[in-house]
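User: Please take a close look at one part of this protein for me. I would like to understand the sheet, strand by strand where possible, and what lies around the strands.

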Amino acid sequence: MRRLFPEPAVDLDDAGLERLYDYPEGLDAPFVQVNFVASADGAVTVDGRSAGLGSDGDRAIFALGRDLADVILAGAGTVLAEKYRGVKRTEVRAERRARLGRSEIPPIAVVTRRCSVGPDSPLVTDTLVAPIVLTCAAAPDQRRAALAAAGVDVVVAGDHTVDLGKALAALADRGLLRVNCEGGPHLFGELIAEDLVDQLHLTVAPLLVSGDAGRIAAGLPPAVRVSMELASVLTEASGHLMLRYQRHR
């Protein structure tokens, strides 16, 4: 991949990508970065999934996001649609995580108001690290109990809906400050509404998709405006653009 911004333009190796995308040092509060890929006309999926939009560079940045994170955050809809399983040892670089002082395998934390990811989900049954379910008191007691009995770390954050601020605080209590959010659009929209997004990694695919695919963020009106600053731009031979935006607080 080649960096276009900031100047000067250079070809980046793996070490250069790590320096560019690593989390800030000395964190004492959760730092939330969000990863998305979209077509040039704004579609977030092709035939219901995001896989048709990616590229080698996009997949490298996606994998790097998992390498660098303490925890992977995702909404239940994304977990179910993309058929999530626990992170495997072959999916992260052990040398990198050990060198940076990360745990061997990052857990996956799922935001679900109704505990819709059940104990028979591959996320629960096919994992090396117990997943975390971030839910609320209104979730059915039987579902919460079944997940806990299956070894899931069930966190109640909020009464009738998941309070994302409390959910992130619960992750921080577990030493999980570097949060890598993989979607979906509704979770991203809620994070925006609560001004909890610190960084956005957005890959723009050189495709026009049309159809009825949604956008990368979805939420209820009124619209929310959160100013971001362009931090870097990468490109590759496929024509994909990898954009990184940061929130300055």
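Analyst: What follows goes from the whole sheet to single strands, then to the helices and a few surface positions.

This is a predicted model. Its sheet is open and has 11 strands. Their order is β2-β1-β10-β11-β9-β3-β8-β4-β5-β6-β7, and the pairing is mixed. Which strands stand at the edges? They are β2, residues 10-11, and β7, residues 153-156. Each has a single partner strand, so one side of each is left without a neighbour in the sheet.

Start with β4. This strand covers residues 71-75. On one flank β4 pairs with β5, residues 108-111, in the parallel sense, over 4 bridges. Within that pairing, Ile 72 has Ile 108 of β5 as its bridge partner. β4 also pairs with β8, again in the parallel sense, here over 3 bridges. There, Leu 73 has Cys 181 of β8 as its bridge partner.

Are the residues of β4 buried or exposed? The strand is mostly covered, with 5 of its 5 residues buried. Val 71, Leu 73 and Gly 75 point one way from β4. Ile 72 and Ala 74 point the other way. Buried here means under 20% relative accessible area.

Now move along to β6. β5 and β6 run parallel and pair over 3 bridges. Val 111 has Leu 134 of β6 as its bridge partner. β6 is joined to β7 by 4 bridges, and these two strands also run parallel. Across that pairing, Thr 135 stands opposite Val 156 in β7. Both faces of β6 are covered. Ile 132 and Leu 134 lie on one side, Val 133 and Thr 135 on the other, and all are buried.

Two helices come next. Helix α6, residues 141-149, lies across β6 and β7. The helix runs at about 145° to β7. Helix α8, residues 185-193, also packs on the sheet. α8 touches β3, β4, β5, β8 and β9. The direction of α8 makes about 135° with that of β3.

Just ahead of β6 comes a loop position. Val 129 sits in the loop between α5, residues 122-125, and β6. Val 129 has a relative accessible area of 26%, so this residue counts as partly exposed. Which residues does Val 129 contact, leaving aside its neighbours within four places in sequence? They are Ile 105 and Pro 107. His 240 is 111 residues from Val 129 in sequence and 33 Å away in space, C-alpha to C-alpha.

Another loop position is Lys 83. This residue is found between α3, residues 76-81, and α4, residues 94-99. Lys 83 counts as exposed because its relative accessibility is 60%; the cut-off for exposed is over 50%. Lys 83 and Pro 122 are 39 residues apart in sequence. In space, their C-alpha atoms are 7.5 Å apart.

Finally, look at β1, residues 2-5, where Leu 4 has its place. Leu 4 is at 36% relative accessibility, so this residue counts as partly exposed. Leu 4 also belongs to a nonpolar patch on the surface, together with Phe 5, Leu 230 and Leu 241. The four residues have about 280 Å² of accessible area together.

Technical notes: Residues are numbered from 1 along each chain as its sequence is written. This is a predicted model: local features need pLDDT of at least 70, side-chain atom pairs count only at pLDDT 80 or more; totals for chains, interfaces and linings use all residues. Side-chain values use heavy atoms; hydrogens and water are left out. Two strands pair if DSSP finds at least two bridges between them. Contact means heavy atoms within 4.5 Å. Axes are lines fitted to C-alpha atoms, for helices over the stretch in contact, and angles run from 0 to 180 degrees between N-to-C directions. Patches are made of residues with over 30% relative accessible area and no salt bridge: like charges are joined within 9 Å, nonpolar side chains (Val, Leu, Ile, Met, Phe, Trp, Tyr) within 5 Å. Accessible areas come from the Shrake-Rupley method with a 1.4 Å probe; for residues, only the protein chains shown count as cover. A salt bridge is a side-chain nitrogen of Lys or Arg within 4 Å of a carboxyl oxygen of Asp or Glu. Buried means under 20% relative accessible area, exposed over 50%, partly exposed in between (1.4 Å probe, protein chains only).
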